[in-house]
Amino acid sequence: MAASRSTSSKLNHVYLNGRTLEGGGQLVRIAIGLSALTGRPVSIDHVRGNREGKKGLKRSHAAAVKLLAEISGSKVSGGEVGSQSLNFFPKSTRSKSGPLLDLSQVNVKSEYDIKLTTAGAIFLVFQALYPYLLHVGSQAAAPIVKVNITGGTNATYSPSYDYASQVIVPNFAKLGLPPLSIILNKRGWTTGPVDLGAVTFLIHTLRSQHDPDGEDQLQESTEKESTAEPLYSFPRINLMDHKCGKITQIDITVLAPDQPTLNANAEEGTGSTVRQFIEQVTRRTLQREMRKLDSSIFAKRSNSALSEGDSLSKLSAKNALVPITIHTSEATNHRSHVYILLVAHTTSGFRIGHDILSGMGGDRLCKSKSKGKQKQQPARDPRRDSSNEIAFSAAADLVRRCVDGFIGEISNESPNVQSDPKPDSTVKRSCLDSYMRDQIVVFEALGEACNADGHDTEATGPETLEDERDWTLHTKTAQWVCRQILHA
């Protein structure tokens, strides 16, 4: 019996080359997440082998491995920082009636407190935990699993709190995943001075989506029949079933310092701060670049919409194709804490976003020493003027780069017909931005695996295929990992 189980374990063991495609931390996070979900052991060699500089696990990757192992009761070898070989051994085994683990072997708490020792990206750690908790959270005492994570809310090369709450959460809901709530308790930045932030995630599990009335009905149905597992199934997702829709409005989020000021009045000490400058330049740049696009991608505005919005919006309402509003504007305390997010709302209910996180150069903010009681101003410091000019020039460059990226996401350039691999099909872009597209891959694969026995209705017209030119290397990497674990 032991020999048979050992042989079965070896057959189910998945071996991955960490240098495949993107060859970074995403490969690790998806692999361990699916390993915990399916009960299949995973070994990864050459971890982050395509990364420049130091290879192996970084602190945030090691933290994700450690936390998922603790939550799932899995065993790990090679999970320390710098390790280039990782082995993840789940405690639970796969269910006999589906591709995911047997829930009867799982113990789940209703709340988890996770404290990263550095400002590592909170949302990258959450990515590794989320699919697992969505599935096994149905075994928790409460219908909602609460996860508190301390770390970085605005981190480089990762989703920010703002992008997650404004883009990821509504898009997940639109595609059929259970509701997810994100509460910002404190911001934490990975750039500049180390500052830890805190976020709370409220995860409605798959059971709370399919059986919102609670445990009693679930228990009754389980007693009547043993086929209750479909209640925990991930929904089938096909992006080509969804229309892109027309853009109805654009939201701007700006996090930037209120110092230095531009064109400050010598007596009043007033002027446009960096944050205000970014708001104004972003709005103007957006309006200019949007006019270059095909107007058909924008929804027609009603006359009543022109009278709504803040005072700054009203000034340019007649010239704007759609309303452009300030969603969030917060002052930060360091030159390196500058963040811009642009989000388009569409008639189909999806959100398309693009963001940028960077700094303005220099180490400190040039704060005014005048409190208003000094009428005579000190002589102008040319070094300070030069520093301020650099700051505003850097801010303008950030705006330009962010708007350029955003315009690329909302543009409706027609796909190249020659890229169509099938004659009886059409090709179109997905309804998501390129980063959001990466986030959906795991749930697409899980939905397909959980509904493999389902019968799709026969198509009556040409098949619609997704334009693969929009897939990033991260998208292709995620798809490859999912195939290795879910379809091998």
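A polar contact is a pair of N or O atoms within 3.5 Å; within protein, one atom must be able to donate a hydrogen and the other to accept it. The legends below describe close-up views of a predicted model.

**Figure 1. S336 and its polar partners in the loop between β12 and β13.** The side chain of S336 makes a polar contact with the side chain of H334, at 2.8 Å. A polar atom of the S336 side chain also lies 3.3 Å from the backbone nitrogen of G192. Beyond the neighbours within four places in sequence, S336 is in contact with T191, G192, P193, S358 and G359. The relative accessibility of S336 is 14%, and this residue therefore counts as buried, since buried means under 20%.

**Figure 2. The open sheet of four strands, in the order β12-β9-β13-β14.** The pairing in this sheet is mixed. Strands β12 (324-332) and β14 (351-358) stand at the edges; each has a single partner strand, so one side of each is left without a neighbour in the sheet. On average, neighbouring strands of this sheet are turned by 10° against each other, direction ignored. Strands of a sheet pair through backbone hydrogen bonds, either parallel or antiparallel. Strand β9 (residues 247-257) pairs with β12 in the parallel sense, over eight bridges. Within this region, I252 stands opposite I326 in β12.

**Figure 3. Helix α8 lying across strands of the sheet.** The strands that α8 lies across are β9, β12 and β13 (338-346). The helix runs at about 150° to β9. Helix α8 comprises residues 274-290, and T282 has its place there.

**Figure 4. T282, a buried residue of helix α8.** With a relative accessibility of 1%, T282 counts as buried. A polar atom of the T282 side chain lies 2.6 Å from the backbone oxygen of I278. Residues up to four places away in sequence not being counted, T282 touches I252, L342, V399 and V403. One of these, I252, is the residue that stands opposite I326 in β12.

**Figure 5. Y112 in strand β5 and the residues in contact with it.** Strand β5 spans residues 111-115 and contains Y112. At 8% relative accessibility, Y112 counts as buried. Apart from residues up to four places away in sequence, Y112 touches I71, L133, V145, K146, V147 and N148. Y112 and L67 are 45 residues apart in sequence, and their C-alpha atoms are 9.9 Å apart in space.

**Figure 6. Two segments with pLDDT under 50.** Over residues 1-8, pLDDT stays under 50, and the model has zero contacts for them beyond four places in sequence. Over residues 414-420, pLDDT likewise stays under 50, but here the model has 13 contacts beyond four places in sequence. Where pLDDT is low, the predicted coordinates should not be read in detail. The protein averages a pLDDT of 81, and 76% of the residues score at least 70.

**Figure 7. The protein as the setting of the close-up views.** The protein has 12 helices and 16 strands. Of its 488 residues, 49% count as buried. Among contacts between residues at least 6 apart in sequence, 77% join residues at least 24 apart. The accessible surface comes to about 24,400 Å², and 49% of that surface belongs to carbon and sulfur atoms.

Notes. Residues numbered from 1 in each chain as written. Predicted model: local features only at pLDDT ≥ 70, side-chain atom pairs only at ≥ 80, totals over all residues. Heavy atoms only, no water. Helix = DSSP H or I, 4+ residues; strand = E, 2+ residues; numbered from the N terminus. Buried < 20%, exposed > 50% of the residue type's maximum accessible area, 1.4 Å probe, protein only. Contact = heavy atoms within 4.5 Å. Pairing = 2+ DSSP bridges. Axes fitted to C-alpha atoms, helices over the stretch in contact; angles between N-to-C directions. Areas by Shrake-Rupley, 256 points an atom, 1.4 Å probe, with all protein chains shown as cover. pLDDT = per-residue confidence, 0-100.
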